[in-house]
Amino acid sequence: MSADVRDILDMERANTPEVTRDSFLATKKRNFERTKTASRRPEGMHREVFALLYTDKKDAPPLLPTDTALGIGSGYKETKARLGMKKVRKWEWAPFSNPARNDSAVFHHWKRVTDNSTDYPFAKFNKQLEVPSYTMTEYNAHLRNNINNWSKVQTDHLFDLARRFDLRFIVMADRWNRQQHGAKTVEELKERYYEVVALLAKAKNQTSEKKVFVYDAEHERRRKEQLEKLFKRTTQQVEEENMLINEMKKIEARKKERERKTQDLQKLISQADQQNEHASNTPSTRKYEKKLHKKKVHQQPRPSRVDSVVNAIEIGSSGIKFADLRGSGVSLRSQKMKLPANIGQRKVKALEQAIQEFKVDPAPPPTEDICTSFNELRSDMVLLCELRTALSTCVYEMESLKHQYEAACPGKTLNIPPSLVPIKTEALDNSTN
């Protein structure tokens, strides 16, 4: 291309050597040797990563990072050690004793001459549990126990092992002298030890200073039996358990789905009721409802007092059905006291008024007994409110029937039995409240 440019600009060409057969073969051989010595990039390695492995001289990468490879300094071969001009501190082979030992054993170790402290530096880690002791009088007065067949010799041997091995009951059970004192399990040793500690603390009035540990040996035995059964399960039992767990999860998922659908349906019903109430407040709807009411009054007979009371009892007998939280997951006990979602707003307001009326704590501490009793109490309160409503309806019907009778039969009066008069006034007062 440069030759064409020179021809266009009428410039002189540079004297290029003539291409011969020998020069062409020499150039090709030189290019072949250059590509032969060049290293190839492995498959799967990016070009940028491969370029970082070699320098411009195409040297092999170092096995260990050095200053020369990183281009820092002059390399480890040329560096000189820089030693301080101070004198080396002297050390001596000195004796020491461990205060945790009672045999006055003397050991030796290297330490600096300048260290004047003779105490063993690791003596601060010598911590030992405090095991209580007792006298013969205290044992006869408080610790004599014939129920578990423990003698004083066995109890002394137990506390001696507790002091020697710092309450490592596994080691204590292994070092227990079975030939002289008989065989004892780990649970029996723990039960006897903590029993003696509790009795001594009670006798010395130390229960308020520190908490006394109560050991349940029977629970520990059952726990170990369950662990052993769990460890000895076969493959078929493990697969069956996994299958049951999966089925339980499916049942819980279906139950939650049904509850969710019930809540959604309840919301839709409440929204529809609100829309109907809003629509019923219009003048045209009220006139239409009055006409329908008049037709029903003429066509259908008025229900009797007995029927209304029976219907009220049937309505009130339902109460509140609280959800039973027996899932496999973790849940709070206070969830048991949560009201179900299918309860209407009228029942909730009536329940709140009843709780205020009887001066009941609306949020008691959720213990097991309190949860059950509080749910039963609220269910009875809802039932009571519904019975009050039914009773007030009966009293109202009774009054209306009395007025109708007096209007139909002038000069005559319908006498209400005296036994119903206090119920009537009480029901009316509760209905107004």
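These legends accompany several close-up views of a predicted model.

**View 1. A nonpolar patch on the surface.** Val-5, Ile-8, Leu-9 and Met-11 together make a nonpolar surface patch of about 410 Å². Look for Leu-9 in the loop between α1 (2-8) and α2 (21-37). Leu-9 counts as exposed because its relative accessibility is 53%, and the cut-off for exposed is over 50%.

**View 2. Helix α6 and its neighbours.** Helix α6 covers residues 152-165, and its end C-alpha atoms are 20 Å apart, which agrees with the span expected for 14 residues at 1.5 Å a residue. Its buried residues include His-157, Leu-158, Phe-159 and Phe-165. The buried residues of α6 pack against α5 (136-143), α7 (169-175), α8 (178-181) and α9 (186-203). Just after the helix comes Asp-166, with a positive phi near 50°.

**View 3. A salt bridge within α6.** Here the side chains of Lys-152 and Asp-156 meet, with 2.9 Å from N to O. Both residues belong to helix α6 and sit four residues apart, about one turn of the helix. In an α-helix there are 3.6 residues a turn, so residues three or four places apart point the same way. Asp-156 is partly exposed at 30% relative accessible area, and Lys-152 is partly exposed at 24%.

**View 4. A salt bridge between α14 and α15.** Lys-347 pairs with Glu-386 in a salt bridge, their closest N and O atoms being 3.3 Å apart. This pair links distant parts of the chain, with Lys-347 in helix α14 (residues 345-357) and Glu-386 in helix α15 (residues 368-408). Lys-347 is partly exposed at 33% relative accessibility, whereas Glu-386 is buried at 12%.

Technical notes:
Residues numbered from 1 in each chain as written. Predicted model: local features only at pLDDT ≥ 70, side-chain atom pairs only at ≥ 80, totals over all residues. Heavy atoms only, no water. Patch = residues over 30% accessible without salt bridge, like charges linked within 9 Å, V, L, I, M, F, W, Y side chains within 5 Å. Areas by Shrake-Rupley, 256 points an atom, 1.4 Å probe, with all protein chains shown as cover. Salt bridge = Lys/Arg side-chain N within 4 Å of Asp/Glu carboxyl O. Helix = DSSP H or I, 4+ residues; strand = E, 2+ residues; numbered from the N terminus. Buried < 20%, exposed > 50% of the residue type's maximum accessible area, 1.4 Å probe, protein only. Expected span 1.5 Å × (residues − 1). Contact = heavy atoms within 4.5 Å.
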